[in-house]
Amino acid sequence: MQSVCHCCDWIRHHYGHLSSEYLSLLDQMGGDITKQNAPVFFPTSLYRHIDDAEFEDKVRFLKETIYQITKLFDGNMKAVTWDKKNLDDFLNILERQLENLNSCVSPAMKPERRLKRYFKKLNKNVLRKMNYSAQAWELIRKETKRHLQRLDILAAQMY
């Protein structure tokens with residue numbers, strides 16, 4: 001595990017750059033973001049709660065949210081019509097962000113249960129219930145964008 005100082009420097013100097021890259025790719029890999037709402041409420045209260053947390057808890061939250069997003073994109077993507085290269089680049093940069101955050105978080109720290117439960121519901125009520133359709137994946141792309149934008153704000157507030 002890296003020192004808090006090193007993690008702080010990394011978040012300050014690199015997180016935002018990678019974040020803008022994967023947000024841009026998320027926009028470029030498909031058409032317009034859908035106006036339809038997902039049948040799972042966005043966990044606004046979790047983000048409000050983490051805004052007041054300690055630095056280490058915020059880093060853990062960043063890591064856990066990105067991890068849960070990568071798990072979502074590990075599903076059956078046959079119906080997806082997105083640009084393959086942009087999708088691959090998006091996932092690779094997300095993985096790179098996750099690796100860096102992993103090195104900042106103690107493995108002994110437990111993940112946020114409510115966050116994990118939210119992503120489980122998103123998987124069940126959107127992807128599985130909609131049979132991994134292109135429409136389901138567009139909803140996931142929309143929700144992913146909301147999370148990544150909110151994480152960007154959280155990271156910017158950390159220094």
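Helices here are DSSP runs of at least four residues, numbered from the N terminus.

**Figure 1. The whole chain is built from helices alone, six helices and zero strands.**
The model is predicted. From the N terminus on, the elements run α-α-α-α-α-α. The C-alpha atoms fill a box of roughly 45 × 30 × 25 Å along the principal axes. A compact globule of 159 residues would have a radius of gyration near 15 Å, and the protein has 15 Å, so the value agrees with that expectation. Contacts in the protein with a separation of 6 or more come mainly from distant parts of the sequence: residues 24 or more positions apart account for 88% of them.

**Figure 2. Surface and charge of the protein.**
The protein exposes about 8,600 Å². Carbon and sulfur atoms supply 49% of that area. Buried residues make up 45% of the 159 residues. The side chains include 26 positive and 20 negative ones. The centres of these two sets lie 9 Å apart.

**Figure 3. Helix H3 is largely enclosed by the rest of the structure.**
Helix H3 covers residues 55-72. At 1.5 Å a residue, its 18 residues should span 26 Å. The end C-alpha atoms are 26 Å apart, which agrees. Of the 18 residues of H3, 14 are buried, so the helix is largely enclosed.

**Figure 4. Leu-62, a buried residue of H3.**
Leu-62 is found in helix H3. Its relative accessibility is 0%; buried means under 20%, so Leu-62 counts as buried. What does Leu-62 touch, not counting residues up to four places away in sequence? The partners are Ile-11, Tyr-15, Leu-101, Leu-151, Leu-154, Ala-155 and Met-158. Leu-62 and Gln-97 are 35 residues apart in sequence. In space they are 9.5 Å apart, C-alpha to C-alpha.

**Figure 5. Asn-86 in helix H4.**
Helix H4 covers residues 84-102, and Asn-86 lies in it. Is Asn-86 buried or exposed? Its relative accessible area is 14%, under the 20% limit, so Asn-86 is buried. Leaving aside neighbours within four places in sequence, Asn-86 is in contact with Leu-25, Gln-28 and Met-29.

**Figure 6. Leu-122, a buried residue of H5.**
Leu-122 is found in helix H5. At 1% relative accessibility, Leu-122 counts as buried. Neighbours within four places in sequence are left aside in the contact list that follows. Leu-122 is in contact with Ala-38, Val-40, Leu-72, Leu-127, Ile-140 and Glu-143. Ala-134 is 12 residues from Leu-122 along the chain. The C-alpha atoms of Leu-122 and Ala-134 are separated by 15 Å.

**Figure 7. Asn-131 and Tyr-132 in the loop between H5 and H6.**
Helix H5 covers 113-128 and helix H6 covers 134-156; Asn-131 sits in the loop between them. Tyr-132 has its place in the loop between H5 and H6 too. Most residues other than glycine have a negative phi. Asn-131 has a phi near 55°, a positive value in a residue other than glycine. Tyr-132 also has a positive phi, of about 55°, although it is not a glycine. The relative accessible area of Asn-131 is 64%; exposed means over 50%, so Asn-131 is exposed.

Note on methods. Residues are numbered from 1 along each chain as its sequence is written. This is a predicted model: local features need pLDDT of at least 70, side-chain atom pairs count only at pLDDT 80 or more; totals for chains, interfaces and linings use all residues. Side-chain values use heavy atoms; hydrogens and water are left out. Helices (H or I, at least four residues) and strands (E, at least two) are DSSP runs, numbered from the N terminus. The radius of gyration is taken over C-alpha atoms; the globule rule is 2.2 Å times the number of residues to the power 0.38. Buried means under 20% relative accessible area, exposed over 50%, partly exposed in between (1.4 Å probe, protein chains only). Contact means heavy atoms within 4.5 Å. Accessible areas come from the Shrake-Rupley method with a 1.4 Å probe; for residues, only the protein chains shown count as cover. Lys and Arg count as positive and Asp and Glu as negative; His and the chain ends are not counted. The place of a charge is taken as NZ of Lys, CZ of Arg, CG of Asp or CD of Glu. The expected span of a helix is 1.5 Å times one less than its number of residues.
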